[in-house]
Amino acid sequence: MATDETIVGWNTGAEELLGWTTAEVTGRPLIDTIIPPQHRDSYGRGLRELRSTGEAGLPPGPVEITTMHRDGREICVEARVGRVRTGTEWRYHAFLRDITGRLAVEHSLARAEEWHRLLAENSGDLITRHSPDGRLFYASEACHEFLGFTAEELIAQEPWDIVHPEDAAQFGGVDGASFPLPAGRELTFRVRHRDGRWVLMEAVASALRDEAGVLEEIQVFSRNVTDRRAREARFQEESKLESLGRLSAGLAHEINSPIQFVGDNARFLAEAYQDLIRIVLFYRGLLASTDPLAWEERRAQIRQAEEGIEFDYLQTEIPSAVEQTLHGIERVSTIVRAMKRFSHPGHDEQEPADLNEAIEATATVTRHQVNSVADLCLELAELPPVRCNIADLNQVFLNLIVNAADAIADTGEPGVITVATALDGDHVTIAITDTGGGIPDDVRSKIFDPFFTTKDVGKGSGQGLPLVHAVIHEGHGGTLAVDSTVGSGSTFTIRLPLDGRADAPGTTPGRLPMGNSATNSVADVPEAATVVEDALPSVCRSPRGATDRSRTASGT
C-alpha cells in the first residue's frame, strides 16, 4: 500500500482470498476495496494514525480484522502489518490469513462450554469432578440442595468422611487408580448431609483420558433417591399387602375344604362311637345277666341290637372316615408347612437355597388364585443350591405366577401356566409361561416402568413387574427376558448365576428394601415330591427324564 492508501501490490493468495485480480485492484483505495462499509471509518482512522506515527504505530503482533470479498461477503482474517522504505517514501504491507474457520470453531467451543456450564449449574443431578485419586475439585450447585454444603465446603471435605462406612466396601478402583467409584456402573450409597442425616444417592462415573489412555479426570453424576426409595418401599409394601390379602383368602378357602370334611367325619365318628359304646354295654349286660336264656334267644337279641345301630354300615364307613380325616389333616399340614416356608422372615445375606422347593411352596400357596383359571404345571429339573436372597425370589415367583393367572383370566378361557427350571452352565433359568392373551408391542416396552399397569383401577399398583426386574437385575445380577405373542401367551425367563451376584459375595448391596418379604427355610423342609403330591393331588407328568420332578397344581 502506498502512502496515499492505494494498493500497489497483490499476490495470488490475496486473489484467492478476496476475489480481486492484481490488475483489478492496483491503484484502488485499500479501505474502499476490501473493508466492509461499517468498518471503513474506524479502519481509515487507524491507517492514518499508522502513517503519522511511523514505526512506533505498527502492531507488535497479528491483529484480527474483518475484510470483504469481491462478492460482498465478510471474511475474518489475521493480519501482520509491516513497512519498508522505497526510495524516499514508506510503503506498508500486510500478510493476511483466513481465520473464519478457526473463529467458528472457537465460537462453537465457547458456546459448548457455556452450554455445559449452564447444564451443570441448573441440572437436577449433582455433578462432581474428581482427580484420579478421587479428590474432588468441582461440584455443581445442586450440592447445596442435596447435601446442605456449598460447592467450596464440599470440595474441602475428604471423600470418605461423608460416605457411610457400611457402604464404603462397595467402592473399588478404576483401572488400578484409587478413585472411589467404578466407572460405568451405577451404585447406591449413603452420604452424610450437613445436618448429620444420611441421604441415599445413586451415582454413575465416567472416566476422561488423554490421547495415551491415561486417566485424567472422573466425572460423577449423582442423584438424591431418598424420597423415591421411600415411595417405592411404601408401594412395595402396599403391593405385598394386596398379595397377602389375596393369598390369605385363597389359603382360607384351601384350608376350609379339608377342615369341613374333617369336621363332618369327626361328628360321624362321635355318633358312631356312641352307638358302638351302647352295643358294648349291651354285650356286657348279657354277660352279666343271671337269667337262664337260651343261646338262640341271646343271639336274636344281639342281632336286633346290631341292626339298630347299622353295624355293617359302621364297619365299612368308620375306616373310610378315619382315612379321609387323616388325609385332610395332612393336606392342611402341607399347606401350613408350605406357607411357613414361604413366609419365614428373610435376611439380607445371600445364602444357598433350593429354588425348586421355593417354587413348589409358591405353587401351593397360590393354588386357589390359579386353579379357577388354569392348571399350574411344574417342570423342575435337578438343580444345585443357588446363592440368592430366596425371600426376594419368592416374591418374584409369586408376582409372575399371579400375573400369568390374571393374563389367562382376561381371555375368559381356561389355560395352562408352566414353571420350568433348568441348569445352564454356571447359571439356572426359571421360565414361567402362560397361555394368556400375550403382551402388545406398544405395551411390552413399558411393563417394567414403575406404576405402569394395564389393570383396572384398584386391581393393580404397577409395582409388581418393576419389583421383579429390580430384584433380578439389581439384587442378583441376573437377567429377565420376555417373549410374548399376542393371542398365544407370554414367557418370562429368569437367568441367575449359581454363585450369586459377582460383586457381592455373601451380601447384596443392590437389594431393594423389601420389608419382611417371604423366604424359604431350607432346613426341615419335607420331601418336596410328598409335599406337592399331598397338597396338589392332580398330577401331570412331562417326559423330562428320571432325574426331573414334574408336578401339577390342578385347576380342577
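Biologist: By class, what does the lining of the largest pocket have?

Modeller: In this predicted model, the lining of the largest pocket has 24 nonpolar, 9 polar and 2 charged residues.

Biologist: And how much space lies in that largest pocket?

Modeller: About 1,000 Å³. Residues from helix 1 (12-18), helix 3 (30-34), helix 4 (40-53), strand 1 (63-68), strand 2 (74-86) and strand 3 (89-98) line the largest pocket, with two or more from each of these elements.

Biologist: Which element gives the largest share of the lining?

Modeller: Helix 4, with 7 residues.

Biologist: Which residues lie nearest the centre of the largest pocket?

Modeller: Out of 35 lining residues, those nearest the centre are Leu30, Val81, His93, Ala94 and Leu96.

Biologist: OK, on to the sheet. In what order do the 3 strands come, and is the pairing parallel or antiparallel?

Modeller: The order is 1-2-3 in an open sheet, and the pairing is antiparallel. Strand 1 and strand 3 are the edge strands, each pairing on one side only. On average, neighbouring strands are turned by 50 degrees against each other, direction ignored.

Biologist: How many bridges are there for each pair?

Modeller: Strand 1 is joined to strand 2 by 6 bridges, while strand 2 and strand 3 pair over 10 bridges.

Biologist: Where does Ala79 fit in, what stands opposite?

Modeller: Ala79 belongs to strand 2 and stands opposite Val63. Ala79 also stands opposite Leu96 in strand 3, and Leu96 is one of the residues nearest the centre of the pocket.

Biologist: Nice link! What about the hairpin of strand 2 and strand 3?

Modeller: That hairpin has 2 residues between the strands, and Gly87 takes a positive phi near 70 degrees there.

Biologist: Which strands does helix 4 touch as it packs on the sheet?

Modeller: Helix 4 touches strand 1, strand 2 and strand 3, and its direction makes about 125 degrees with that of strand 1. Helix 5 (residues 100-122) also lies across strand 1, strand 2 and strand 3, running at about 130 degrees to strand 2.

Biologist: Changing topic: is strand 10 mostly covered or mostly open?

Modeller: Mostly covered. Of the 7 residues in strand 10 (residues 374-380), 5 are buried.

Biologist: And does strand 10 pair with strand 12 in the parallel or antiparallel sense?

Modeller: Parallel: strand 10 and strand 12 (residues 415-424) pair over 7 bridges. As one example, the bridge partner of Asp375 is Val416 in strand 12.

Terms used:
Residues numbered from 1 in each chain as written. Predicted model: local features only at pLDDT ≥ 70, side-chain atom pairs only at ≥ 80, totals over all residues. Heavy atoms only, no water. 1 Å grid on protein atoms, 1.4 Å probe; cavity = no way out; pocket = protein on both sides within 12 Å on 5 of 7 lines; lining within 4 Å. Points joined across faces, edges and corners; volume = space filled by probe spheres on them. Helix = DSSP H or I, 4+ residues; strand = E, 2+ residues; numbered from the N terminus. Nonpolar A, V, L, I, M, F, W, Y, C, P; charged D, E, K, R; others polar. Pairing = 2+ DSSP bridges. Axes fitted to C-alpha atoms, helices over the stretch in contact; angles between N-to-C directions. Contact = heavy atoms within 4.5 Å. Buried < 20%, exposed > 50% of the residue type's maximum accessible area, 1.4 Å probe, protein only.
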